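Visitor: Please take a close look at the way helices pack in this model, and then follow the chain out to the backbone details that deserve a second look.

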Amino acid sequence: MPPSPPMPQDRGEAHIRDSARDRDRDRVRDRGDACPGALRLHRADDGALARLRIPTGVLTPRQVRALADVADRLGDGHLSLTSRGNLELRGLGEGCGLGLAELLRDAGLLPESERHERVRNMVVSPLAGPEVRAWAARLDALLCAEEWTLELSGRFLFAVDDGRGDVAALAPDVTLLAEPAGTALVQAGGPGAYRVAGADAPRAALAAAEAFLAAAREAGTGAWRVRELPAGQDVDVAGHLRRASIAAEPVRDAVVPAGAPLAPGLVGEDTVSVLARLGRVTTAQFRALLPAEEVRVTPWRGFVLPGLPDRAAAEERLRALDGAGFLTRADSPWAGVTACTGRPGCAKALADVRADARPVDGGLPVHWSGCARRCGHPQGVAWVDVVATAEGAYQTTVTVQGPTR
Ligand code: SF4
């Protein structure tokens with residue numbers, strides 16, 4: 001693994017440990033948080049891997065060009081998309097950590113406080129308007145400004161949902177859901193929620209995360225996520241909203257709409273949505289997303305290009321992106337097919353799932369996994385689970401998404 005700039009050493013996990021023996025027995029996490037980041041690279045079988053958080057989900061054209069150049073110069077000439085809307089660079093060579101950090105810094109892809117780059121885990125509705133996108137940007141700034149947020153694990157997830165329920169369905173730990181009146185519901189694990197003024201929404205999400213950390217300390221079981229807290233462990237969102245002087249109305253039976261993932265194709269008159277086949281693109285494909293005023297990365301392993309001049313221009317872009325190898329139609333048999341890294345990139349893999357992956361009948365999303373960890377599987381929907389077995393075969397089951405807590 002190449003040298004990486006100094007990073008905090010698993011502060012959160014150390015902080016929430018409890019020495020009581022009975023609690024130790026119930027611990028859900030015994031290891032430190034090894035989640036990779038842009039500065040803390042992970043050594044995979046195909047070289048080092050860097051995971052970039054894109055907290056608002058938006059890349060500028062300059063950042064698209066910079067990432068493509070980085071993947072060509074330092075990586076394997078591809079970019080991978082994750083189920084949280086992150087981008088991964090793989091196949092990074094030995095000793096590239098410092099050079100990579102410099103290139104990402106120059107492209108504005110690292111926060112000012114670089115120690116916070118792994119806690120900026122946010123998914124944002126890709127079609128959200130400026131107000132909701134501003135919430136996401138503000139929440140990112142707040143996260144990066146607080147020392148205590150370094151205690152959040154690299155897996156703790158915020159969803160900033162514009163009200164359609166698309167990213168709220170991704171089993172986040174803290175959800176901000178926009179309401180038509182301009183207010184927001186904030187929820188940490190549910191089912192109850194709190195209604196706050198739109199102007200307070202980012203601070204409310206931060207307060208909910210702080211409430212989770214307090215609950216995790218109290219439980220002492222090493223939980224990284226709300227759903228990992230012991231049953232009955234209260235997350236005192238109300239108390240933390242009060243402490244932050246945020247006026248909030250309890251909403252006992254908050255209903256979060258069940259939004260569907262954004263399908264590929266034309267969206268309205270001036271926006272296009274495309275998917276990357278099996279969540280991976282070549283740098284040539286990535287560059288083909290330009291020209292665009294901005295490129296939005298989605299948690300369904302796709303991209304959205306808003307603001308095209310008119311419908312004809314949008315249809316033309318869609319045809320061009322189809323020619324570049326993107327999935328551009330909702331009825332593409334590959335639209336619901338995802339796969340983990342598998343062989344040869346992952347040492348745990350029992351098969352080259354990306355070579356084996358194919359659509360299945362039945363209309364459900366299908367996820368191919370090289371082992372029982374099922375990295376990157378769909379969230380919030382029923383899906384077909386295809387897992388490689390030690391016997392050289394695949395086991396297939398239909399999985400119904402369980403509750404998030
Ligand atoms: S599911 Fe298993 S094989 Fe696939 S990437 Fe995760 S650990 Fe590796």
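Guide: What follows begins with the confidence of the model, turns to two helix pairs, and ends with individual residues and peptide bonds.

This is a predicted model, in which local features need pLDDT of at least 70 and side-chain atom pairs count only at pLDDT 80 or more, while totals for chains, interfaces and linings use all residues. Residues are numbered from 1 along each chain as its sequence is written, and side-chain values use heavy atoms, with hydrogens and water left out. The average pLDDT (the predictor's confidence in each residue, from 0 to 100) is 90 for the protein chain, and 91% of the residues score at least 70. Residues 1-21 have a pLDDT below 50, and this stretch nevertheless has 57 contacts in the model beyond near neighbours in sequence, where contact means heavy atoms within 4.5 Å.

Two packed helices are described by the angle between their axes and the distance between the axes. Here helices (H or I, at least four residues) and strands (E, at least two) are DSSP runs numbered from the N terminus, and axes are lines fitted to C-alpha atoms, for helices over the stretch in contact, with angles running from 0 to 180 degrees between N-to-C directions.

Helix 3 (residues 61-74) packs against helix 4 (residues 97-106) at an angle of about 165°, with the axes 10 Å apart. That angle makes helix 3 roughly antiparallel to helix 4, since angles under 35 degrees count as roughly parallel, over 145 as roughly antiparallel, 65 to 115 as roughly perpendicular and the rest as oblique. The crossing of helix 3 with helix 4 is right-handed; a crossing is left-handed if the near helix is turned anticlockwise from the far one by less than a right angle, and right-handed if clockwise. On the helix 3 side the contact is made by Arg-62, Leu-67, Val-70, Arg-73 and Leu-74, which meet Gly-99, Leu-100, Leu-103, Leu-104 and Asp-106 of helix 4. By class, the residues of this contact are six nonpolar, one polar and three charged, with Ala, Val, Leu, Ile, Met, Phe, Trp, Tyr, Cys and Pro counted as nonpolar, Asp, Glu, Lys and Arg as charged, and the others, Gly among them, as polar.

Arg-73, which belongs to helix 3, is exposed, with a relative accessible area of 62%; buried means under 20% relative accessible area, exposed over 50%, and partly exposed in between (1.4 Å probe, protein chains only). The C-alpha atoms of Arg-73 and Gly-93 are separated by 9.7 Å, and these residues are 20 apart along the chain.

In the second pair, the axes of helix 5 (residues 130-145) and helix 6 (residues 201-219) come within 8 Å and cross at roughly 45°, so helix 5 and helix 6 are oblique to each other. Their crossing, too, is right-handed. Trp-135, Arg-138, Leu-139, Leu-142 and Leu-143 of helix 5 meet Ala-201, Pro-202, Arg-203, Ala-205 and Leu-206 of helix 6, a contact with eight nonpolar, no polar and two charged residues.

Two further residues can be placed by their surroundings. Thr-298 lies in strand 15 and is buried at 4% relative accessibility; not counting residues up to four places away in sequence, Thr-298 touches Thr-82, Gly-85, Pro-126, Phe-303 and Val-304. Leu-327 sits in the loop between helix 9 (311-323) and strand 17 and is also buried, at 9%. Beyond neighbours within four places in sequence, the contacts of Leu-327 are with Pro-264, Val-274, Leu-275, Arg-277, Ser-332, Trp-334 and Ala-335.

As for the backbone, most residues other than glycine have a negative phi, and most peptide bonds are trans. Ala-171, in the loop between strand 7 (158-161) and strand 8 (174-178), has a positive phi of about 55° and is buried at 3% relative accessibility. Arg-301, in the loop between strand 15 and strand 16 (302-305), likewise has a positive phi, near 60°, and is buried with a relative accessible area of 9%. The peptide bond from Leu-290 to Pro-291 is cis, with omega near 5°, and Pro-291 lies in the loop between helix 8 (283-287) and strand 15 (295-298). Another cis peptide bond joins Arg-343 to Pro-344, with omega about 0°, and Pro-344 is in the loop between strand 17 (337-339) and helix 10 (353-356).
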